[in-house]
Amino acid sequence: RRNRAIAPMNRFAISPGWQVVMVDLGLRVDELLRRAQLPADLFTRPENGLTTREYFRLWRAMEDMANTPAVALRILDLLSVETFDPPLFAALCSPNLEIALRRIGQFKPLIGPVRLRVSHEADALTLAVDFLERDIPPPGMLVAAELGFFVKLARLATRTELPARAVTLPRDVSPDPGYARFFGVTPRYGDAPSVSVALQDARRPFVTANHAMWQIFEPDLRRRLDALSADAGIVERVRAALLELIPGGLATADGVAQTLAISKRTLQRRLGDEGANFKTLLAEVREKLAWHYLDRSDLPYSQIAFLLGYQDPNSFFRAFNEWTGMTPDTARSRTAH
């Protein structure tokens with residue numbers, strides 16, 4: 001099968017604050033960058049940035065060199081306000097975790113190749129993380145640290161030992177009793193990593209809330225985000241927007257135009273300029289996502305259909321057959337061999 005990677009934006013900023021974490025882990029920054037095959041001046045170049053592969057190499061090198069069990073927990077223990085990027089510091093200015101997650105989700109491309117998915121149940125808020133380039137498996141430690149970070153953020157901002165209600169860690173994370181102590185609940189291990197907190201905790205007021213500071217941060221964050229996405233052509237920007245909108249069933253031309261802050265007519269014209277059209281791109285992204293879920297998870301077809309924005313599994317089956325000439329069952333059995 002051809003390569004099915006989805007890489008909407010090419011490079012991601014790496015915060016100088018990570019040097020603090022590396023030194024506190026007892027690591028030599030120059031040696032770590034060499035092991036990760038990254039430039040020695042990574043943290044001093046104003047235009048620094050990492051591809052998804054480089055970003056993952058950095059995390060794997062940290063894990064290898066730290067040589068301690070559950071290094072994700074050690075990193076979480078070391079995180080402090082001084083290591084935060086402006087987008088994360090801005091999250092601390094939010095009124096509560098629910099709004100902070102919305103803000104971080106919006107500006108996450110400034111921090112890393114990660115997409116946040118937040119869902120609400122009657123009395124809980126659940127956060128899952130996806131990585132924008134799907135052909136490269138992310139380090140389990142990175143996923144564990146991402147999930148733990150949001151619990152840590154809520155604790156820093158509320159000044160409480162707020163517990164998680166449930167957590168699922170990646171299968172390749174080695175079990176460690178420290179995870180249960182950190183999250184306040186025994187973790188499960190599976191293909192769909194996530195963390196849940198009680199809705200009342202997600203809405204617990206942040207004592208760090210600062211609306212005036214947020215108003216200072218937001219324009220600069222938006223400028224940085226615009227500069228980052230301006231480097232990508234309209235086709236790549238539409239793919240990135242579709243990744244965000246498809247799971248919510250909002251992947252329409254109107255929805256994408258609104259996300260990209262352009263008119264629908266401008267969207268269609270610019271796609272035409274690059275020899276593309278919206279319907280074809282939507283099908284392409286859905287097909288790549290479908291292969292991702294079939295290859296990398298044991299999710300039931302009803303759930304895959306939902307994640308692809310279909311109302312029912314039959315619509316997914318018909319579309320998949322149109323794309324590939326086979327059924328999801330046949331595709332899944334092929335990838336299993």
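**Exercise 1. Determine how the span of helix α7 compares with the expected span, and whether the helix is enclosed or open.**

Solution. Helix α7 covers residues 140-158, where helices (H or I, at least four residues) and strands (E, at least two) are DSSP runs numbered from the N terminus. Its 19 residues reach 28 Å from the first C-alpha to the last, which is close to the 27 Å expected at 1.5 Å a residue; the expected span is 1.5 Å times one less than the number of residues. The next step concerns burial, for which buried means under 20% relative accessible area, exposed over 50% and partly exposed in between, with a 1.4 Å probe and protein chains only. Since 18 of the 19 residues of α7 are buried, the helix is largely enclosed by the rest of the structure. Just after α7, R159 takes a positive phi of about 55°.

The structure is a predicted model, in which local features need pLDDT of at least 70 and side-chain atom pairs count only at pLDDT 80 or more, while totals for chains, interfaces and linings use all residues. Residues are numbered from 1 along each chain as its sequence is written, and side-chain values use heavy atoms, with hydrogens and water left out.

**Exercise 2. Describe the surroundings of G140 in helix α7.**

Solution. G140 is found in helix α7 and, at 6% relative accessibility, counts as buried. Leaving aside neighbours within four places in sequence, G140 is in contact (heavy atoms within 4.5 Å) with P170, D172 and V173. The C-alpha atoms of G140 and A72 are separated by 9.1 Å, although these residues are 68 apart along the chain.

**Exercise 3. Identify the strands that pair with β3 and the direction of each pairing.**

Solution. Strand β3 (residues 166-170) is mostly covered, with five of its five residues buried. Two strands pair if DSSP finds at least two bridges between them. Three bridges join β3 to strand β5 (residues 194-198), and these two run antiparallel, with V167 standing opposite V195 in β5. Another three bridges join β3 to strand β4 (residues 188-190), and here the strands run parallel; P170 has G190 as its bridge partner in β4. From β3 the chain crosses through helix α8 (residues 177-183) to β4 in a right-handed β-α-β crossover, a term that applies if, with the strands pointing away from the viewer, the path from the first strand over the helix to the second runs clockwise.

**Exercise 4. Classify the aromatic pairs F182 with F183 and W291 with F320, and find which arginines lie over ring faces.**

Solution. The structure holds eight aromatic pairs, where rings of Phe, Tyr and Trp (its six-membered ring) pair if their centres lie within 6.5 Å, and planes under 30 degrees apart count as stacked, over 60 as edge-to-face and the rest as tilted. F182 and F183 are edge-to-face, at 5.0 Å centre to centre with 90° between the planes; F182 is buried at 15% relative accessible area, and F183 is buried at 0%. W291 and F320 form a tilted pair, at 5.5 Å and 55°. Because W291 lies in helix α14 (residues 278-296) and F320 in helix α16 (residues 313-324), the pair ties together parts that are 29 residues apart in sequence. Both residues also belong to one aromatic cluster, together with Y301, Y310, F316, F317 and W323.

For the charges, the criterion is NZ of Lys or CZ of Arg within 6 Å of the ring centre and within 35 degrees of the ring normal. R155 lies over the face of F182, at 4.9 Å from the ring centre, and R286 lies over the face of Y310, at 4.1 Å.
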